[in-house]
Amino acid sequence: MRKLFAGVGAVLLATVAAVFAFGPPAHAATGFTVSGGKLFDANGSEFIMRGVNHAHTWYATQTSSFANVKALGANSVRVVLSSGDRWTRNSAADVSNVIQLCKANRLICVLEVHDTTGYGEQSGAITLDRAVDYWLSIASALNGQEAYVIVNIGNEPYGNQNYSSWATDTSNAIRRLRNGGIEHTIMVDAPNWGQDWSFTMRDNAPTVFNADPARNTVFSIHMYGVFDTAAEISDYLGRFRSRGLPIVVGEFGHNHSDGDPDEDAILSYTQANGIGWLGWSWSGNSGGVEYLDMATNFNPNQLTSWGTRLFNGTNGIRQTSRQASVYDSVPPPTTPPPTTPPPTTPPPTTPPPTTPPPTTPPPTTPPPGAGCTATYSIVGQWQGGFQGDVRVTAGSSAITGWTVRWTFANGQSVSQSWNAAVTSSGSTVTARNVDYNGRLGSGASTNFGFIGSWNGTNSAPTPTCTAS
């Protein structure tokens with residue numbers, strides 16, 4: 001059950017790189033620009049991101065984080081914002097304050113709307129068009145900041161379902177931003193929870209790039225379990241390089257529930273090839289992925305093993321980060337702002353990136369005697385909410401589909417899910433496979449997850465599994 005990445009192609013494409021180039025911007029930008037697949041700051045100096053993600057919308061009081069990541073060597077920070085559709089809206093005034101914090105600490109701000117995460121699969125997720133509405137509504141905070149801010153339209157804008165319109169929707173979103181007067185460099189995320197196992201972004205990137213009248217768009221891939229070998233990493237990133245298209249690794253980790261990303265290969269390849277990256281994430285993860293915190297409780301003096309690796313390890317931030325030249329004449333702040341303690345109860349994190357589909361085609365008819373089992377577990381719990389995980393395992397014969405059912409005994413309910421199509425009828429929950437994880441070989445397993453609510457008692461039900 002490995003990924004679909006081919007090991008060839010980048011070398012062949014390299015031979016045509018000299019004759020496949022994109023023209024200059026249609027009009028002059030006032031800040032960052034893209035040329036020849038590279039990002040240049042307002043002074044015309046190449047800028048390669050070496051930074052982290054910071055969950056500002058859930059931890060708005062953690063303003064000292066900007067000074068802390070800068071002190072550890074970062075040159076950029078990707079800031080989580082909300083349009084107000086799923087979390088508390090970040091106002092224009094708040095976004096202006098975030099930008100000033102970035103500028104005061106000589107960081108380049110990559111601002112992203114998180115409410116788009118998993119659209120088409122995750123309940124409550126919004127469209128890219130809706131994200132554009134938000135950006136235009138806070139244009140007063142963005143205008144004039146083109147030299148310091150990059151606009152990331154929407155985080156992981158599609159899950160693993162209904163993502164075929166990614167190129168059209170992304171192109172339309174870019175055009176709307178330009179028509180609305182946004183002149184910043186634009187960053188666009190891949191579908192499939194950002195991991196693009198379907199190659200939708202990779203194969204449609206030239207079309208999307210050319211949809212921007214300013215030719216000032218950067219592509220962002222998120223690397224988790226899909227990217228667990230050096231070959232997959234170099235092949236994917238190399239195909240953008242060979243076509244002169246700008247690519248960054250907008251998120252990645254050292255581990256994840258969907259697999260073990262090869263962070264060493266990510267860091268090595270990006271350094272060798274001048275590709276930017278932003279690790280996930282500074283602090284505040286919950287719901288079973290606390291291991292992705294770089295700092296414990298936002299304390300820069302308590303780096304985790306992941307934080308130590310990213311900031312201080314080989315090809316990490318301290319070794320490779322270079323400050324944007326627009327800040328070269330700006331003196332550093334004399335004292336960082338005081339550290340504010342984190343909220344007592346962190347919000348649930350975005351559901352984990354999902355597992356790509358198997359490469360083996362399904363049999364035409366299900367084998368006889370197919371069966372499956374399911375195990376239910378609670379991987380994280382907070383007041384009024386929890387994250388559940390269900391593991392489905394095929395029996396002695398391969399199966400081509402599965403259905404899991406359980407009944408909650410204490411009034412719990414499911415509000416969001418991933419890696420399964422989940423419906424509820426009263427206290428009974430039914431989860432069916434989606435198109436990429438129904439086929440399981442004998443003894444093979446897959447997982448799906450969900451966010452639920454509870455009150456008083458949260459006992460674990462006993463699920464049943466039916467195979468097809």
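Select Cys 465 to begin: in this predicted model the residue is buried, with a relative accessible area of 16%. Now add Cys 372, which also counts as buried because its relative accessibility is 11%. The two cysteines form a disulfide, and their sulfur atoms sit 2.0 Å apart. Look along the S-S bond of Cys 372 and Cys 465: the torsion is about -100 degrees, so this disulfide is left-handed. The pair links distant parts of the chain, with Cys 372 in strand 11 (residues 372-382) and Cys 465 in strand 18 (residues 464-467), 93 residues apart.

How many disulfides does the structure hold? There are 2, so one stop remains on this theme because the total is 2. Select Cys 102 and Cys 109, whose sulfur atoms are 2.0 Å apart in a disulfide. Here the torsion about the S-S bond is about 65 degrees, so the disulfide of Cys 102 and Cys 109 is right-handed. Both of these cysteines are buried. With the bonded cysteines numbered in sequence order, the pairing reads 1-2, 3-4.Next, select helix 3 (residues 92-104) and pick out Val 95 within the helix. Is Val 95 buried or exposed? Val 95 counts as buried, because its relative accessibility is 0%. Show what surrounds Val 95: leaving aside neighbours within four places in sequence, the residue is in contact with Leu 81, Asn 90, Leu 111, Tyr 134, Ile 138, Ala 141 and Leu 142. For a distance to check in the viewer, take the C-alpha atoms of Val 95 and Val 79, which are separated by 9.7 Å and lie 16 residues apart along the chain.

Now move to strand 9 (residues 247-252) and select Glu 251. Glu 251 is buried, because its relative accessible area is 4%. Which side chain makes a salt bridge with Glu 251? The partner is Arg 78, at 3.0 Å from N to O. This pair links distant parts of the chain: Glu 251 belongs to strand 9 and Arg 78 to strand 4 (residues 76-81), 173 residues apart. Arg 78 is buried as well, with a relative accessible area of 0%.

Stay with Glu 251 and display Tyr 224, since the side chains of these two residues make a polar contact at 2.7 Å. Not counting residues up to four places away in sequence, Glu 251 touches several others, including Asn 53, Asn 155, Glu 156, His 222, Leu 278 and Trp 280.

For the last stop, turn to other salt bridges; a search of the whole structure finds 12. Select Arg 176 and Asp 129, whose side chains meet in a salt bridge of 2.6 Å, N to O. Arg 176 lies in helix 6 (residues 166-179) and Asp 129 in helix 4 (residues 128-137), so the pair ties together parts that are 47 residues apart in sequence. Arg 176 counts as partly exposed at 27% relative accessibility, and Asp 129 is partly exposed too, with a relative accessible area of 43%.

Keep Arg 176 selected and add Asp 133: their side chains meet in a salt bridge at 2.8 Å, N to O. Asp 133 is in helix 4 and Arg 176 in helix 6, 43 residues apart. At 31% relative accessibility, Asp 133 counts as partly exposed. To finish, select Asp 85, Asp 129, Arg 130, Asp 133 and Arg 176 together: salt bridges that share partners join these residues into one network.

Methods
Residues numbered from 1 in each chain as written. Predicted model: local features only at pLDDT ≥ 70, side-chain atom pairs only at ≥ 80, totals over all residues. Heavy atoms only, no water. Helix = DSSP H or I, 4+ residues; strand = E, 2+ residues; numbered from the N terminus. Polar contact = N/O pair within 3.5 Å; in protein donor to acceptor, adjacent residues only side chain to side chain. Contact = heavy atoms within 4.5 Å. Disulfide = S-S within 2.5 Å. Buried < 20%, exposed > 50% of the residue type's maximum accessible area, 1.4 Å probe, protein only. Salt bridge = Lys/Arg side-chain N within 4 Å of Asp/Glu carboxyl O.
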